[in-house]
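Please open the model in your viewer and keep the sequence panel beside it, since each stop on this tour begins with a selection. The route starts at the surface, goes through the fold and its interior, and returns to the outside.

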Amino acid sequence: MIEKLADKIGAAVGATRAAVDAGYVPNELQVGQTGKIVAPELYIAFGVSGAIQHLAGMKDSKVIVAVNKDADAPIFQVADYGLAADLFQVIPELLEKLPEKK
């Protein structure tokens with residue numbers, strides 16, 4: 001689902017250590033102290049809690065948007081924009097409403 005959204009908007013996918021450890025994505029997608037350091041113009045964090053290790057890898061992003069169903073998640077402290085919502089509801093809606101990348 002996240003890969004479809006990334007393709008639609010011309011973005012790359014990164015992941016937390018928890019997602020890598022759980023086998024959802026390969027290790028090379030990990031962002032954070034033990035992964036890659038990224039600083040894109042726009043960083044959208046879907047379901048990212050905001051652990052210090054992950055924040056170290058993306059804190060220099062120009063604009064940070066966080067979507068997490070836990071309104072108290074630490075990611076909201078560093079996000080420029082935040083939405084307390086379930087990513088499994090938000091992503092399908094974005095896929096439906098966002099135009100294709102030109």
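Begin by selecting Ile9, Leu42, Ile44 and Leu98, which together make a nonpolar surface patch of about 280 Å²; bear in mind throughout that this is a predicted model. Within the patch, Ile9 belongs to helix α1, which covers residues 2-9, and the residue is partly exposed, with a relative accessible area of 33%.

Now switch to a cartoon of the whole chain. Five helices and three strands make up the secondary structure, and along the sequence they are arranged as α-α-β-α-β-α-β-α. The radius of gyration is 13 Å, close to the 13 Å that the globule rule gives for 102 residues, so the protein is as compact as a globular protein of that length. If you align the view to the principal axes, the C-alpha trace spans about 35 × 30 × 25 Å. Of the 102 residues, 30% count as buried, while the accessible surface comes to about 6,700 Å², with 54% of it belonging to carbon and sulfur atoms.

For the interior, select Val31, Tyr43, Ala45, Val48, Leu55, Met58, Ile64, Ala66, Ala73, Ile75 and Ala79, the eleven residues of the largest nonpolar core. The elements that contribute two or more residues to this core are β1 (42-46), α3 (52-58) and β2 (63-67). Apart from it lies another core, of seven residues, including Leu5, Phe46, Val67 and Val90. Returning to Val48 and leaving out residues up to four places away in sequence, you will find that Val48 touches Thr16, His54, Val67, Asn68 and Ile75.

Asn68 is the next selection, in the loop between β2 and α4 (75-78). Is asparagine 68 buried or exposed? With a relative accessibility of 9%, below the 20% cut-off, asparagine 68 counts as buried. Beyond its neighbours within four places in sequence, Asn68 is in contact with Gly47, Val48, Ser49, Ala73, Phe76, Leu83, Ala84 and Ala85.

Move on to Tyr81, in strand β3 (residues 81-83). This tyrosine is exposed, with a relative accessible area of 57%, and, not counting residues up to four places away in sequence, Tyr81 touches Val63, Ile64, Val65 and Ala66. A distance label drawn from Tyr81 to Val67, C-alpha to C-alpha, should read 8.8 Å, for a pair that is 14 residues apart in sequence.

The last stops concern charged side chains. Side chains of opposite charge can pair when their charged atoms come close. How many salt bridges does a search of the whole structure find? The search finds three.

- Select Arg17 and Asp21, whose side chains meet in a salt bridge at 3.4 Å, N to O; both residues lie in helix α2 (residues 17-21), four residues apart, about one turn of the helix. Arg17 is partly exposed, at 49% relative accessible area, whereas Asp21 is exposed, at 57%.
- Select Glu41 and Lys62, which form a salt bridge with their closest N and O atoms 4.0 Å apart. Glu41 lies in the loop between α2 and β1 and Lys62 in the loop between α3 and β2, so the pair ties together parts that are 21 residues apart in sequence.
- Select Lys97 and Glu93, which meet at 3.2 Å, N to O, and which are separated by about one helical turn because they are four residues apart in helix α5 (residues 87-97).

Terms used: Residues numbered from 1 in each chain as written. Predicted model: local features only at pLDDT ≥ 70, side-chain atom pairs only at ≥ 80, totals over all residues. Heavy atoms only, no water. Patch = residues over 30% accessible without salt bridge, like charges linked within 9 Å, V, L, I, M, F, W, Y side chains within 5 Å. Areas by Shrake-Rupley, 256 points an atom, 1.4 Å probe, with all protein chains shown as cover. Buried < 20%, exposed > 50% of the residue type's maximum accessible area, 1.4 Å probe, protein only. Rg over C-alpha atoms; globule rule 2.2 N^0.38 Å. Core = buried A, V, L, I, M, F, W, Y, C linked by side-chain atoms within 4.5 Å. Contact = heavy atoms within 4.5 Å.
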